[in-house]
Amino acid sequence: MSTIPRVSSAIAGEPAHFGSVLAHQPEIAARFFELYGAFWGSDVLAARIKEVARMRNARVTECGFCRNVRFDKALGEGLVEEVVDDITDGYETSDKLTETEKAVLKFTDALIHDPELLNGDARTALQQHLTPQQIAELGLGVSLFLALAKALITMGLEPEQMDRTVLPTPAVLEAAE
Amino acid sequence: MSGPIHASLAATNGALAEKYAAFVAASEGALSPELVALVRQAVAAVHGMGEGPDESALDEATRTALAYARRMPFEHTAISDDEAAAVTHHLGEPGFVAFSVVTALADAECRAAQVDLPELSGV
């Protein structure tokens with residue numbers, strides 16, 4: 001895995017990072033940030049649930065950038081580090097994660113790793129804990145987390161070193177609406 | 001548009017479905033329709049979802065891109081700087097950015113289909 005950018009920044013004076021590299025394709029960038037802002041802005045599924053799935057994806061896909069970022073909205077909903085620490089192999093036995101979060105993690109593993117993991121019981125549990133609308137939103141989120149992590153890694157945008165960083169939760173900008 | 005992610009959203013959240021469709025359209029619109037179709041077919045084949053494309057009549061640039069695309073589903077961390085440089089040489093930097101997004105989305109779409117996301121979403 002390379003930590004040397006494979007694409008230059010398209011924004012003068014800025015180093016290569018996801019935003020400055022995506023700026024090579026302004027239309028893609030605009031549509032992505034609209035979508036991502038709307039996804040995080042939707043209250044159909046709690047931000048904490050979305051962040052649990054995002055953290056799992058970060059660990060499985062080995063995305064160091066994703067792994068070190070925390071979104072503030074989920075933090076405000078109680079996703080503290082003691083809980084995040086349990087989003088690792090063996091999460092099924094955690095006493096800090098809720099049963100809903102464990103069902104979400106199983107779905108996340110199935111989508112990003114092995115579809116066989118979503119067997120009868122796991123499928124039933126997911127549908128017991130989430131509505132169809134919530135599952136659709138979760139499916140979008142996990143798909144975006146996965147795709148973006150892979151795009152970021154393969155474009156060489158992994159940081160060599162990065163501290164844990166709390167960022168404002170993505171939102172749709174008023175001007176973009 | 002088609003695909004499991006959009007289908008599940010269309011049934012439950014029209015606004016997000018529209019925004020997802022716009023993102024995919026912008027990404028795929030930055031590449032030739034022929035390359036997009038080939039990438040989707042090549043990635044689906046890696047997932048065991050149909051035959052891979054017949055590459056016998058394709059030019060070197062396209063074959064290089066498809067070889068790269070086939071690595072995305074299970075070997076994304078093993079892709080080398082040289083492999084990435086070869087694709088960038090053919091597509092240019094903006095093209096490589098779009099190609100990276102399109103390939104990663106193609107992989108995610110296959111995975112969403114394999115867990116039957118639409119069925120889970122009540123479609």
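# Notebook: two chains, their loops, helices and salt bridges

I began with a loop of chain A, and I found that Glu62(A) sits between helix H3 (47-61) and helix H4 (64-68) of that chain. I note at once that the model I am reading is predicted. The phi angle of Glu62(A) is near 65°, which is a positive value in a residue other than glycine. I wrote this down because most residues other than glycine have a negative phi. I also looked up the accessibility of Glu62(A), and at 40% relative accessibility this residue counts as partly exposed.

I then turned to a loop of chain B, where Asp116(B) lies between H6 and helix H7 (117-120). Its phi is near 55°, again a positive value in a residue other than glycine. Asp116(B) is partly exposed, with a relative accessible area of 34%.

**Arg31(A) and its partners**

My next entry concerns Arg31(A), which lies in helix H2 of chain A. Is Arg31(A) buried or exposed? With a relative accessible area of 18%, Arg31(A) is buried, because the cut-off for that word is under 20%.

I looked up its salt bridges, and one of them is with Glu27(A), where the closest N and O atoms are 2.5 Å apart. Both residues lie in helix H2 of chain A and are four residues apart, about one turn of the helix. The side chains of Arg31(A) and Glu27(A) are also listed as making a polar contact, at 2.5 Å. Glu27(A) is partly exposed, at 45% relative accessibility.

Another salt bridge joins the side chains of Arg31(A) and Glu34(A), at 2.9 Å from N to O. This pair, too, lies within helix H2 of chain A, with the two residues three places apart, about one turn of the helix. Here I find that both Arg31(A) and Glu34(A) are buried.

What does Arg31(A) contact, once its neighbours within four places in sequence are left aside? I found Ala22(B), Phe23(B) and Ala26(B), so named in chain B.

**A salt bridge between a helix and a strand**

Staying in chain A, I looked up the salt bridge between Glu81(A) and Arg70(A), whose closest N and O atoms are 2.7 Å apart. Glu81(A) belongs to helix H6 (residues 81-84) and Arg70(A) to strand E1 (residues 69-71), so this pair ties together parts of chain A that are 11 residues apart in sequence. Both Glu81(A) and Arg70(A) are buried. Going back to the earlier pairs, I noted that salt bridges with shared partners join Glu27(A), Arg31(A) and Glu34(A) into one network. Over all chains, the count comes to 21 salt bridges.

**Where chain A meets chain B**

I next asked how many residues of chain A are in contact with chain B. The answer is 46 residues of chain A, in contact with 44 residues of chain B. The area buried between the two chains is about 3,700 Å², and carbon and sulfur atoms give 69% of it. On the side of chain A, Arg6(A), Ile28(A) and Lys150(A) lose the most area to chain B, together 17% of what that side buries.

Three salt bridges are counted between chain A and chain B. I looked up the pair of Glu119(B) and Arg123(A), which form a salt bridge with their closest N and O atoms 3.0 Å apart. Between the two chains I also noted 12 residue pairs in polar contact, with both residues at pLDDT 80 or more.

Which helices of chain A supply at least two residues each to the side that touches chain B? They are helix H1 (18-22), helix H2 (26-41), helix H7 (99-112), helix H8 (120-129) and H9. The largest share, 15 residues, comes from H9(A). By class, this side of chain A has 27 nonpolar, 11 polar and eight charged residues.

**Helix H4 of chain B**

My last entry is on helix H4 (residues 60-69) of chain B, in which Thr62(B), Ala65(B), Leu66(B), Tyr68(B) and Ala69(B) are buried. Seen down the axis of H4(B), these buried residues fall within an arc of 155°, so they line one face of the helix. What do they pack against? I found helix H9 (132-154) of chain A, together with helix H3 (33-46), helix H5 (72-75) and helix H6 (81-114) of chain B.

Methods. Residues numbered from 1 in each chain as written. Chains lettered and ligands numbered in written order. Predicted model: local features only at pLDDT ≥ 70, side-chain atom pairs only at ≥ 80, totals over all residues. Heavy atoms only, no water. Buried < 20%, exposed > 50% of the residue type's maximum accessible area, 1.4 Å probe, protein only. Arc of directions from axis to C-beta. Contact = heavy atoms within 4.5 Å. Buried area = accessible area lost by both parts, 1.4 Å probe. Salt bridge = Lys/Arg side-chain N within 4 Å of Asp/Glu carboxyl O. Polar contact = N/O pair within 3.5 Å; in protein donor to acceptor, adjacent residues only side chain to side chain. Nonpolar A, V, L, I, M, F, W, Y, C, P; charged D, E, K, R; others polar.
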